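Welcome! Take a moment to look over the sequence and turn the model around before reading on.

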Amino acid sequence: MAQLIDLKVGFSCNNNCIHCVISDKTKEKDLSLEQIKELVNEYIQQYGEIQLTLTGGEVTIRKDFIQLMEFIKEKKDEGKIVFVDMQTNARMLFHDDRALAAAEVIDFFLVAIHSSISEVHDSITGAKGSFEQTKQAILNLKQFAGSDKIATQTVINQKNIGHLPDIYRFIIDELGLTECNITFPHPIGVCLSDKIVPTYDYAQKFINESLDFCLSRNVRPYIEAIPFCVWNPGTNRQYAIDFLNRRNIDVIGYGGEKDGTLDYASLFDEGHRKYTTCQKCPFFKECEGVWKEYLLIYPNEDMYKLYLRGVGN
Ligand code: SF4
């Protein structure tokens, strides 16, 4: 099976999101096209076949974006890259030429959209007009690549949590997409703040309503950093258990000058913690816990209380 590779091509970005996880790296120089080629060729040499995730920063704002797409295509044609996906805010793909070039090469797009309300999305991204560009880009990608090659990523924060279910309504009913993510933020860098990260306690209702809505439309979202206790007992909790059993985090990659080569499976284990009360929880063993930085913001949260909500009803 092809090795999963996550490649951060640089940290420049045209958004300035309030939940950004690479805010401490934006001073690092982006990889040149030559450096990207070198890294990709090294991975191919080491693993034979790879499945590549292109991420950043924002890949689509690179001046050499079209040349980058050409290089990836070459490697796909040689059978060395078997699948390539791109994590993007997609704003620049509102230009037809960039969207077309991307659609010819990229097998799957993960597009960040953080609200169904343009003003809220723009205030989260810190970029006026970003909502309209991202929305147009999604329409372009639907036309050039097809809806089945697009998923959305919505990072929960204090600005969007109150209308979270509406965001999934917008993604599924208005944009016509059938894949999406429900992602709890990783509180690092600028995101290490209770002004940005809500408590799971407060978010629980909106998270469950969002999953209820997705499942009612037969959409099965990817879920990230949301422990079992947050999910309502019954269908939602079972969905989370099944999801976790299917998930593959055996990913390695390049995380920039500061981080170098990364092994995401070990980082994942090191990055999580549980509360003392979690010991009472039947999921204690299999649960991944919460991001360890979450405990810095909310040292006194009782996740077990969330588990008990609804149990026995
Ligand atoms: S172990 Fe803690 S964080 Fe995990 S599901 Fe149970 S109460 Fe929640």
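Which residues are buried in helix α4 (residues 118–125)? In this predicted model, they are Val120, His121, Asp122, Ile124 and Thr125. The cover over these buried residues includes β4 (108–112) and α5 (130–144). Just after α4 comes glycine 126, with a positive phi near 70°.

Helix α6 (residues 164–174) can be read in the same manner. Its buried residues are Leu164, Pro165, Ile167, Tyr168, Phe170, Ile171 and Ile172. They pack against α5, β5 (150–155), β6 (180–183) and α7. Glycine 176 follows α6, and its phi is positive, near 75°.

Here are the two glycines side by side:

| Helix | Glycine that follows | Phi |
|---|---|---|
| α4 | glycine 126 | positive, near 70° |
| α6 | glycine 176 | positive, near 75° |

Now let us turn to the nonpolar interior. The largest nonpolar core has 90 residues, and those touching the most other members are Leu7, Leu52, Leu54, Leu93 and Phe184. Helix α7 (residues 200–216) gives the most to this core, with seven residues. To see one member up close, try leucine 7: beyond its neighbours within four places in sequence, leucine 7 is in contact with Leu31, Ile36, Leu39, Val40, Leu52, Thr53, Leu54, Thr55 and Tyr254.

Next, find tyrosine 43 in helix α1 (residues 33–47). Is tyrosine 43 buried or exposed? Tyrosine 43 counts as buried because its relative accessibility is 6%, and the cut-off for buried is under 20%. Glycine 129 is 86 residues from tyrosine 43 along the chain, and their C-alpha atoms are separated by 38 Å.

Valine 230 has a loop position, between β7 (222–224) and α8 (235–246). Valine 230 has a relative accessible area of 0%, so this residue is buried. Which residues does valine 230 contact, leaving aside its neighbours within four places in sequence? They are Tyr200, Gln204, Ile207, Asn208, Met303 and Leu306. Phenylalanine 213 is 17 residues from valine 230 in sequence, and the two are 16 Å apart, C-alpha to C-alpha.

Finally, look for the ligand, which sits in the largest cavity. Around the ligand are Pro227, Phe228, Cys229, Cys278, Cys281, Phe284, Cys287, Met303 and Tyr304. By class, this shell has nine nonpolar residues, with no polar and no charged ones. Met303 is one of the residues around the ligand, and Met303 is also among the contacts of valine 230.

Notes
Residues numbered from 1 in each chain as written. Predicted model: local features only at pLDDT ≥ 70, side-chain atom pairs only at ≥ 80, totals over all residues. Heavy atoms only, no water. Core = buried A, V, L, I, M, F, W, Y, C linked by side-chain atoms within 4.5 Å. Buried < 20%, exposed > 50% of the residue type's maximum accessible area, 1.4 Å probe, protein only. Helix = DSSP H or I, 4+ residues; strand = E, 2+ residues; numbered from the N terminus. Contact = heavy atoms within 4.5 Å. Near = heavy atom within 4 Å. 1 Å grid on protein atoms, 1.4 Å probe; cavity = no way out; pocket = protein on both sides within 12 Å on 5 of 7 lines; lining within 4 Å. Sits in = over half its atoms within 2 Å of the grid points. Nonpolar A, V, L, I, M, F, W, Y, C, P; charged D, E, K, R; others polar.
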